[in-house]
Amino acid sequence: MSYLDILHKYWGYPDFRGIQREIIESIGAGKDTLGLMPTGGGKSLTFQVPALAQEGVCIVITPLIALMKDQVEHLRHKGIAAAAIYSGMSRDAIVTTLENCIFGGVKLLYISPERISSDIFQIKLKHMKVSFITVDEAHCISQWGYDFRPSYLQIAVIRKLVPNVPILALTATATPDVIDDIQERLGFTEKNVFRMSFERKNLVYVVRQAEDKEAEMVHILQSIPKTAIVYCRSRKRTKEIAQLLMQYGISAIWYHAGLEPAVKDQRQSEWQHDKVRVIVATNAFGMGIDKADVRVVIHMDCPSSLEAYFQEAGRAGRDGQKAYAVLLYNGHDNRTLQKRVEDTFPPKEYVQQVYEHLAYFYQIGVNSGEGCMFEFPIDKFCATFKHFPIRANAALILLQRAGYIDYEPNPDNNARVRFLLRRDDLYRLDSLSEKENDVVISLLRNYGGLFTDYGYVDESYIAQEAGLDRNQTYMVLVNLSKKRIIDFIPRKSIPLISYKRDRVDGSNVILDKSVYEERKEQFQKSINSVINYAQNDRVCRSRQLLYYFGEKKSVDCEQCDVCLSHTHHDDHDQQEEIKEKLLAMVADGERHHVTEVRQLDEDWDIVTKVMKELMDEEQLLMEGSYLILSDK
């Protein structure tokens with residue numbers, strides 16, 4: 001089937017849009033390809049369509065586990081063989097999935113970047129017929145990007161295992177430097193970039209100078225009574241602002257990475273299905289969210305880069321209707337942004353100290369520890385050694401980049417279950433509710449060995465099998481645990497630390513230029529770009545953002561705060577200039593035909609407006625087609 005036939009059959013669209021066709025034809029021809037497509041531009045079709053047109057399996061690397069599961073479910077619903085591998089799956093489930101790929105039972109395999117370095121994946125990969133590799137959120141591979149993830153560097157390793165397989169890299173946000181870096185790090189045989197304009201004509205960018213940000217936010221949400229996202233930097237503030245909005249009669253909930261998984265799912269669902277109007281969140285919210293009718297995104301605090309701002313602001317107006325992205329800004333923000341540089345890159349001596357304290361915390365001696373993994377209760381660590389969490393977290397990230405440790409601040413560890421009853425006793429139970437019975441049957445069908453040991457389980461998969469939603473499934477598992485039928489250990493997000501090499505003495509920890517000085521300089525540039533954007537009231541907001549992403553040819557949007565301000569002043573200046581020209585023309589007291597007025601080489605609509613004002617003020621008179629000076 002042709003690409004267009006596949007599009008018709010599975011998605012029902014009449015044709016491709018934007019640069020979808022060019023990207024599909026490029027990767028289909030076996031060329032390494034980088035596609036730059038703004039959020040909502042239809043990225044997924046650029047790899048799903050060619051994957052169905054070719055033999056073998058397309059491997060899709062993405063960090064978004066929730067999006068991964070969602071896409072697999074949608075593809076299966078269309079009759080497309082898709083599967084996913086992510087943290088928390090049992091080894092048996094992973095092996096089964098990989099074997100299916102080898103024997104041709106899967107067309108698209110989604111996998112998280114952390115899993116591609118595992119021995120089992122790399123061994124099985126050598127036996128697969130791979131059509132091409134897709135790297136979603138490709139900016140994560142660049143150390144100059146705003147969201148660098150070390151796990152992405154492993155992608156270059158698996159390219160060597162399947163050397164003749166082309167690679168498709170996709171991202172919605174990348175500066176020119178990052179575009180070059182992505183292609184270099186992924187080992188492109190030659191540069192090959194397709195880009196859509198990042199311009200969003202329906203999105204109005206506004207920077208609002210506000211000493212009282214809370215009052216300004218309330219005013220905006222009362223003026224635009226539609227679905228909204230409010231972004232904050234701190235978890236504590238999300239709750240405070242949501243509660244403030246509720247006091248004003250605006251329905252709101254808060255969301256951040258520290259909430260229980262079931263609570264996060266429920267709150268996201270309530271907002272997604274319009275049960276709540278405003279979600280107040282940290283930047284943990286939004287990736288993979290595709291709610292089309294968000295009318296306004298408000299930033300209470302400045303992000304650390306224009307890439308992050310563009311990504312978050314771009315969640316407004318995906319339905320193509322007019323929407324607003326508002327950044328609230330005041331003089332305090334400059335100091336706050338500059339402090340982030342110090343907090344993100346603390347002194348090297350401090351980083352060495354954190355490394356030493358980590359060894360004391362886990363009792364790791366010099367020349368030992370390689371391969372050891374620990375849960376890391378950061379609050380307890382900071383209380384023990386009197387560290388501020390933000391700085392300690394930054395030091396651990398630097399130690400990870402320098403190759404001393406692996407640090408996972410927000411792992412998505414799946415729930416674990418073990419049956420406490422024997423199988424025969426379980427079958428004799430007659431006190432289970434219908435929902436409890438459905439969940440038990442789902443566990444028995446899909447997971448082996450739960451009578452002898454704890455096994456990782458996927459709550460969303462159990463929910464799907466049992467015909468329940470995630471929250472109902474969670475509550476059923478809790479109730480079964482209370483009845484002593486199972487032992488249920490819910491998902492938790494305690495950070496993890498593992499030693500990549502034996503411990504050295506803290507004074508011997510080396511942070512070279514590429515880890516520290518160069519990245520600090522780049523981060524400072526990102527902070528400066530945000531400050532410049534917020535303070536520049538001379539250049540159209542849209543043009544500022546487009547220029548940052550390498551689009552030199554752009555026009556004023558004529559709707560942002562800067563454009564509206566200029567339009568008002570420019571119109572006034574132009575009208576005054578035309579008024580002077582008209583009065584100078586008729587100052588001789590002679591009659592002047594209207595054709596002379598047309599020769600002024602000015603906008604005729606503005607000229608007629610000025611003429612009417614002068615006649616209303618009785619400074620000019622009109623006799624037929626002639627203009628004369630009033631003699632009043």
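In the predicted model, Ala 415 of strand β16 has Val 457 as its bridge partner in β17. Strand β17 covers residues 455-457, and its pairing with β16 is antiparallel, over three bridges. Strand β16 also pairs with β18 (residues 486-489), again in the antiparallel sense, here over four bridges. Within that second pairing, Arg 416 is matched with Ile 489 of β18. The two faces of β16 (residues 415-419) are unlike in cover: Ala 415, Val 417 and Phe 419 form the covered face, while Arg 416 and Arg 418 form the uncovered one.

The chain as a whole contains 25 helices and 22 strands. Its C-alpha atoms occupy a box of roughly 110 × 60 × 55 Å along the principal axes. Of the 632 residues, 50% are buried. Among contacts between residues at least 6 apart in sequence, 74% join residues at least 24 apart. The domain assignment gives domain 1 as 1-193, domain 2 as 201-328, domain 3 as 336-402 + 493-510, domain 4 as 414-487 and domain 5 as 568-631. The centres of domain 2 and domain 4, taken over C-alpha atoms, are separated by 36 Å.

An open sheet of six strands follows the order β8-β13-β12-β9-β11-β10, with parallel pairing. Strands β8 (203-209) and β10 (252-255) are at the edges and have a single partner strand each, so one side of each lacks a neighbour in the sheet. From one strand to the next, the twist averages 15 degrees. Inside this sheet, strand β9 (residues 228-231) and strand β11 (residues 278-281) run parallel and are joined by four bridges. One of the matched pairs consists of Ala 228 and its bridge partner in β11, Val 278. Helix α21 (residues 517-535) packs on the sheet, where it touches β8 and β13 (323-329). The direction of α21 makes about 105 degrees with that of β13.

A second open sheet has three strands in the order β14-β19-β15, and the pairing is antiparallel. Its edge strands, β14 (373-375) and β15 (405-408), each pair on one side only. Neighbouring strands are turned against each other by 15 degrees on average, direction ignored. Strand β15 is joined by four bridges to β19 (residues 496-499), and the two run antiparallel. Here Glu 408 has Leu 496 of β19 as its bridge partner. Helix α14 packs on this sheet and touches β14, β15 and β19, its direction making about 100 degrees with that of β19.

The largest nonpolar core comprises 134 residues, and Trp 11 and Leu 108 have the most contacts inside it. Helix α14 (residues 348-362) supplies the largest share of this core, seven residues. Apart from it lies another core, of 24 residues, which includes Val 206, Cys 232, Val 278 and Met 300.

Trp 11 belongs to helix α1 (residues 3-11), whose buried residues are Ile 6, Leu 7, Tyr 10 and Trp 11. These residues lie on the same side of α1, because they cover an arc of only 100 degrees around the axis. Beyond its neighbours within four places in sequence, Trp 11 is in contact with Ile 6, Leu 45, Gln 48, Val 49, Leu 52, Leu 75, Lys 78 and Ile 80. Just after α1, Gly 12 adopts a positive phi of about 75 degrees.

Most residues other than glycine have a negative phi. Glu 137 has a positive phi, near 55 degrees, and is placed in the loop between β5 (130-135) and α7 (155-161). Glu 137 counts as buried because its relative accessible area is 5%, under the 20% cut-off. Gln 363 also has a positive phi, near 60 degrees, and is found in the loop between α14 and β14. Gln 363 counts as exposed because its relative accessibility is 67%, over the 50% cut-off.

Key. Residues are numbered from 1 along each chain as its sequence is written. This is a predicted model: local features need pLDDT of at least 70, side-chain atom pairs count only at pLDDT 80 or more; totals for chains, interfaces and linings use all residues. Side-chain values use heavy atoms; hydrogens and water are left out. A nonpolar core is a set of buried Ala, Val, Leu, Ile, Met, Phe, Trp, Tyr and Cys residues joined through side-chain atoms within 4.5 Å. Buried means under 20% relative accessible area, exposed over 50%, partly exposed in between (1.4 Å probe, protein chains only). Contact means heavy atoms within 4.5 Å. Two strands pair if DSSP finds at least two bridges between them. Axes are lines fitted to C-alpha atoms, for helices over the stretch in contact, and angles run from 0 to 180 degrees between N-to-C directions. Domain bounds come from an automatic or database domain assignment. The arc is that of the directions from the helix axis to the C-beta atoms.
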